[in-house]
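Colleague: I am new to reading protein models, and I would love some help. Could we go through one together?

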Amino acid sequence: MQEKELKIEKIRNGTVIDHIPSGMALKVLKILNIDENIKTTVSIGIHVMSKKSGFKDIVKIEDRYLASKEIAKIALIAPNATVNKIKDYEVVEKYNVVPPSEIAGIVKCSNPACVTNANEPVVPEFYVISTDPIRIKCKYCEREMEREDIIQHII
Amino acid sequence: MLKGKDITTIRDLSKKEIFEIFEVAKEMVPIAKGKSIDLLRGKILATLFFEPSTRTRFSFETAMHRLGGDVISFADPKTTSISKGETLADTIRIVDSYSDVIVIRHSYEGAAKLASKFADHPVINAGDGAGQHPTQTLLDLFTIWSNLGKIENLNIGLLGDLKYGRTVHSLALALADFGANLYMISPKGLEMPEHITREINEKIKIKKSENLLSVIGDLDVLYVTRIQKERFPDINEYLKIAGSYRIDLSILEKAKKDLIILHPLPRIDEISPEVDYTPHAKYFEQAFNGVPVRMAILSMVMGVR
Ligand SMILES: Nc1ncnc2c1ncn2[C@@H]1O[C@H](COP(=O)(O)OP(=O)(O)OP(=O)(O)O)[C@@H](O)[C@H]1O
Ligand SMILES: [Mg+2]
Ligand SMILES: [Zn+2]
């Protein structure tokens with residue numbers, strides 16, 4: 001790793017989510033339920049020059065490691081992201097994200113006539129029917145949604 | 001075994017289960033014609049039609065009565081607690097506690113699926129908005145099967161507005177599953193949507209045509225749907241299209257002797273009344289078949305067949 005690439009201070013322990021499509025970092029935070037109640041430091045790089053391809057976003061979360069379920073959710077909007085586990089300033093594990101086979105309560109159905117958009121006591125649920133490109137299908141109304149639609153409907 | 005099963009989409013049923021339904025429906029035909037029996041005596045069907053319906057509702061209720069069961073329903077959804085702001089989920093929980101099986105039609109897509117989550121008893125979808133209507137698909141398939149003895153390898157033409165009618169979408173998918181050869185005959189702009197043809201193409205080849213005359217001689221089944229005026233900005237365009245898709249005796253001169261014609265009804269003028277008196281016309285039988293098919297489904301999900 002080139003030290004000069006690091007615009008943000010190094011973290012001792014925590015998680016670096018790298019290679020997020022440019023502009024999607026805030027959505028990633030949303031998917032991870034990182035909001036104003038956060039207790040640890042989170043640094044966000046938006047539109048950072050990437051060595052591999054154009055620009056990217058990057059998120060660094062101190063003192064938190066992600067569960068495999070959380071890592072899977074990231075794949076819905078950032079299919080090429082990598083999740084790096086940092087211990088004592090070093091990357092000790094690196095994962096490619098893989099979408100889950102089903103999701104619940106993360107994305108709203110884009111069909112306005114869907115029963116999950118009415119005032120009913122259910123969370124929207126989807127089958128992931130294709131991963132590359134990502135495609136999900138509402139378990140209720142069977143509407144299919146693609147990446148752009150998914151991004152716009154993250155709860 | 002369909003006992004206890006919800007039927008919210010045709011995909012809830014395997015091919016084997018669909019054939020089982022056909023066999024039972026066949027036995028139900030004479031009973032549906034008037035020889036009522038006691039198979040469902042003491043059972044209660046709740047019909048929740050939040051959207052208007054005549055054929056579907058009548059045929060479910062007739063089916064239940066012919067089998068000796070009882071029916072509860074509301075006359076007008078505007079007078080129900082839902083209109084007072086109760087959730088569908090709560091309505092279902094309560095009606096479920098009063099009955100043995102629920103049939104629901106609702107404007108929300110996925111409403112039957114939701115109902116099935118909150119009901120312990122089986123839920124049957126009688127149409128959810130522009131969504132699924134699986135018992136219609138089953139009676140369409142049954143009418144083909146009972147007339148022609150099979151579905152596989154038949155040449156089946158779907159005619160008219162293939163874009164907006166979701167029931168014709170689920171029918172097309174089901175026919176593809178059964179290995180029929182599909183001919184899609186629709187005017188420009190009203191073709192079957194891409195996501196459906198993509199799924200069908202994974203199973204079978206589709207023939208597309210704008211012209212009925214050029215394919216009618218190939219067909220074993222012609223399934224006619226309504227072309228709605230509202231789909232055309234120009235009334236003359238509509239009249240021209242509607243005219244060229246109208247089924248009359250002269251176009252039937254080119255048809256196979258055994259061709260059967262189906263239509264989900266109501267028809268407006270897609271099929272000329274003179275066709276009603278030909279052996280091709282099976283649409284009234286198709287509407288009647290709603291009763292034995294729904295008798296089969298009701299008795300099977302309640303575990304008495
Ligand atoms: N201690 C740390 N604190 C903050 N960020 C770190 C730390 N260690 C590594 N990173 C960042 O984590 C990401 C992955 O680090 P790594 O050393 O694996 O880089 P790499 O070889 O470029 O990996 P990749 O092939 O995934 O891009 C990089 O963006 C790097 O800047
Ligand atoms: Mg790198
Ligand atoms: Zn939906």
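Colleague: Let me start with chain A. How many residues of domain 1 of chain A are in contact with residues of domain 2 of chain A?

Modeller: Happy to help, and please keep in mind that this is a predicted model. Begin with the bounds: chain A is divided into domain 1 (3-96) and domain 2 (102-152). Eight residues of domain 1 of chain A are in contact with seven residues of domain 2 of chain A. Taken over C-alpha atoms, the centres of these two domains of chain A are separated by 25 Å.

Colleague: What area do domain 1 of chain A and domain 2 of chain A bury between them?

Modeller: Here is the general idea. The size of an interface is often given as the accessible area lost when the parts come together. In this case, the two domains of chain A bury about 660 Å² between them, with 76% of it on carbon and sulfur atoms. On the domain 1 side, A:K27, A:L76 and A:I77 lose the most area to domain 2 of chain A, and together they make up 64% of what that side buries.

Colleague: Which polar links are found across that interface of domain 1 and domain 2 of chain A?

Modeller: Two residue pairs are in polar contact there, both at pLDDT 80 or more. As for salt bridges across the interface of these domains of chain A, the rule finds zero.

Colleague: Now for the two chains. How many residues of chain A are in contact with chain B?

Modeller: You can read this interface in the same order. 16 residues of chain A are in contact with 16 residues of chain B. The area buried between chain A and chain B is about 1,300 Å², and carbon and sulfur atoms give 51% of that. Eight residue pairs are in polar contact across the interface of chain A and chain B, and the count of salt bridges between these chains is two. One salt bridge joins B:K117 to A:E125, with the closest N and O atoms 2.8 Å apart. Follow B:K117 further and you meet a network of salt bridges that links A:E102, A:E125, A:K139 and B:K117.

Colleague: How many salt bridges does the structure hold over all chains?

Modeller: Over all chains there are 28. Try B:K16 and B:E20, which form a salt bridge with their closest N and O atoms 3.3 Å apart. These two residues are four apart in helix α1 of chain B, so about one helical turn separates them. B:K16 is exposed, at 61% relative accessible area, while B:E20 is partly exposed, at 26%.

Colleague: Is A:E70 buried or exposed?

Modeller: A:E70 is buried, because its relative accessible area is 18% and the cut-off for buried is under 20%. A:E70 forms a salt bridge with A:R64, the closest N and O atoms being 2.6 Å apart. A:R64, at 22% relative accessibility, counts as partly exposed.

Colleague: And where does the largest nonpolar core lie?

Modeller: Again, the general idea comes before the case. In soluble globular proteins, nonpolar side chains tend to be buried together. Here the largest nonpolar core has 64 residues, and among those touching the most other members are B:I151, B:L158 and B:L298. Helix α1 (residues 15-32) of chain B gives the largest share of this core, nine residues. Domain 1 (10-132 + 289-301) and domain 2 (135-286) of chain B both contribute residues, so this core lies between them. Apart from it lies another core, of 56 residues, including A:I106, A:C114, B:L48 and B:A115.

How values were computed:
Residues are numbered from 1 along each chain as its sequence is written. Chains are lettered from A and ligands numbered from 1 in the order in which they are written. This is a predicted model: local features need pLDDT of at least 70, side-chain atom pairs count only at pLDDT 80 or more; totals for chains, interfaces and linings use all residues. Side-chain values use heavy atoms; hydrogens and water are left out. A nonpolar core is a set of buried Ala, Val, Leu, Ile, Met, Phe, Trp, Tyr and Cys residues joined through side-chain atoms within 4.5 Å. Buried means under 20% relative accessible area, exposed over 50%, partly exposed in between (1.4 Å probe, protein chains only). Domain bounds come from an automatic or database domain assignment. Contact means heavy atoms within 4.5 Å. Buried area is the accessible area (1.4 Å probe) that two parts lose on being put together, summed over both. A salt bridge is a side-chain nitrogen of Lys or Arg within 4 Å of a carboxyl oxygen of Asp or Glu. A polar contact is a pair of N or O atoms within 3.5 Å; within protein, one must be able to donate a hydrogen and the other to accept it, and residues adjacent in sequence count only if both atoms are side-chain atoms.
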